[in-house]
Amino acid sequence: MRKRGFAPVLAVLLALVSGTAAYADVVVAGNGSLGEKAVSLVGPSGQTVYSQEGSGMEDDVDFDVDQFVLPEGAAVLVIVEGTGGSDCMVYAYEKEDGEWQRRIETYGYLGENGMSNHRTSGDKTTPIGLFQMNTPFGQKEALEGFPENYIQTTISHVWRDSTNKLVDDISAYGDGEAIGTFWYASYYDYAIDAGFNINGIEGQGSALFLHCIGQNKTDTSGCVAIPTEEMIAVMRLYGAHGDGACYIAQAPKGTFDLVYDTYGVNDGLSPDGDFT
């Protein structure tokens, strides 16, 4: 990363001295296709205390965060903008004094076959839509600011296909993902269910999370993957506001107008429309 001078260090010191940040995480995001990197200092409830973006990060977005129609009490909105293939940009907003404030901006990866509003089990697409996130979990211990109901998984935890729910029941092996096993190390260090197919409709897919990028991976089987530090920051935003307050919108760039008012449609699946 190119040297940024004294400003980031000064911001960290000022934040700590003033009490703005009880802890400080320096969040670094970037990849080769985006040019320079972005640096953010994330404070106690996930808020960005300091942020400096390189020229490769987008200042303008192709959606209007104020247009999303969400239930009363919504306080966090993660927006996943597909940019072609399995690539995406991911933004996280937090509502402060009635206004959405951007807290996180990073690159990420989608399903191997891109995005779809006609997802079926095993097709390796990331579902399009507007959903309520739930069930924060991970193989690693909870960090400061994490949700009170964060679940540190073990080898007995299974995300069941038949119900699309997490259970602590080793007898459920064979009916889903054994998310606490070494096969999912790094991916599921920290994860949150995106909320697609919340009713567990057969054949529509399950275990579709927002999680960490796996080692040497540039796509997923349908989840959204972001760098670990950004995933930690999202987890802290979730922790600051709790269940029922955190949402995620997923769509290809330029199509969010078909998603803005679709929360809860089609029994928790994707909305209708032409997203090509």
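So, Glu 96: at 38% relative accessibility, that residue counts as partly exposed. Keep in mind that what we're looking at is a predicted model. The side chain of Glu 96 meets that of Arg 103 in a salt bridge, 2.5 Å from N to O. And Arg 103? Buried, at 11% relative accessibility. So this pair has a partly exposed acid and a buried base.

There's a further acid involved here. Glu 94, Glu 96 and Arg 103 are joined into one network by salt bridges that share partners.

Let me put that on the fold. Strand S5 covers residues 87-96, and 10 bridges join it to S6, with the two running antiparallel. S6 takes in residues 99-109. If you want one register point to orient yourself, take Val 90, whose bridge partner in S6 is Thr 106. How much of S6 is covered? Eight of its 11 residues are buried, so I'd call the strand mostly covered, with under 20% relative accessible area as the cut-off for buried.

Now look at the turn. S5 and S6 make a hairpin with two residues between the strands, and in that hairpin Asp 97 takes a positive phi near 55°. Just as a reminder, most residues other than glycine have a negative phi. I'll come back to that, as there are other cases in this model.

Staying in this region for one more pair: Glu 105 forms a salt bridge with Arg 102, and their closest N and O atoms are 2.7 Å apart. Here Glu 105 is the buried partner, with a relative accessible area of 8%, while Arg 102 is partly exposed at 28%. For the whole structure, the search finds nine salt bridges.

Next, a pair somewhere else. Lys 140 and Asp 189 form a salt bridge, with 3.7 Å between the closest N and O atoms. What does that pair tie together? Lys 140 is in the loop between S10 and S11, and Asp 189 is in the loop between S14 and S15, so the bridge links parts that are 49 residues apart in sequence. Lys 140 is partly exposed, at 42% relative accessibility, and Asp 189 is buried, at 11%.

Next door to that lysine is Gln 139, found in the loop between strand S10, residues 134-138, and strand S11, residues 151-152. Is Gln 139 buried or exposed? Buried, with a relative accessible area of 19%, and since the cut-off is under 20%, that call is made by a narrow margin. Leaving aside residues up to four places away in sequence, Gln 139 touches a whole list of others, including Tyr 150, Gln 152, Ile 179, Tyr 184, Tyr 188 and Asp 189. Note that Asp 189, the salt-bridge partner of Lys 140, is on that contact list too.

Tyr 188 takes us to the pocket. The largest pocket has a volume of about 450 Å³. There are 27 residues lining that pocket, and Glu 177, Tyr 188, Thr 220, Ser 221 and Gly 222 lie nearest its centre. The elements giving two or more residues to the lining are strand S14, 176-177, and strand S16, 209-212. By class, the lining has 10 nonpolar, 10 polar and seven charged residues.

S14 has another role in the fold. Three strands form an open sheet in the order S13-S12-S14, with antiparallel pairing. S13, residues 165-168, and S14 are at the edges with a single partner strand each, so one side of each has no neighbour in the sheet. Strand S12, residues 157-160, pairs with S14 over two bridges, and Arg 160 stands opposite Gly 176 in S14.

Back to the positive phi values, as promised. Lys 124 has a phi near 60° and lies in the loop between strand S7, 115-116, and strand S8, 126-127. At 33% relative accessibility, Lys 124 is partly exposed. Then there's Ala 207, which isn't a glycine but has a positive phi of about 55°. Ala 207 is in the loop between strand S15, 191-193, and S16. How accessible is Ala 207? At 4% relative accessibility, Ala 207 counts as buried.

Methods: Residues are numbered from 1 along each chain as its sequence is written. This is a predicted model: local features need pLDDT of at least 70, side-chain atom pairs count only at pLDDT 80 or more; totals for chains, interfaces and linings use all residues. Side-chain values use heavy atoms; hydrogens and water are left out. On a 1 Å grid over the protein atoms alone, a cavity is a set of points where a 1.4 Å probe fits but cannot get out, and a pocket is an open set with protein on both sides within 12 Å along at least five of seven lines; lining residues have an atom within 4 Å of a point. Grid points are joined across faces, edges and corners, and a volume is the space filled by probe spheres set on the points. Helices (H or I, at least four residues) and strands (E, at least two) are DSSP runs, numbered from the N terminus. Ala, Val, Leu, Ile, Met, Phe, Trp, Tyr, Cys and Pro count as nonpolar, Asp, Glu, Lys and Arg as charged, and the others, Gly among them, as polar. Buried means under 20% relative accessible area, exposed over 50%, partly exposed in between (1.4 Å probe, protein chains only). Two strands pair if DSSP finds at least two bridges between them. Contact means heavy atoms within 4.5 Å. A salt bridge is a side-chain nitrogen of Lys or Arg within 4 Å of a carboxyl oxygen of Asp or Glu.
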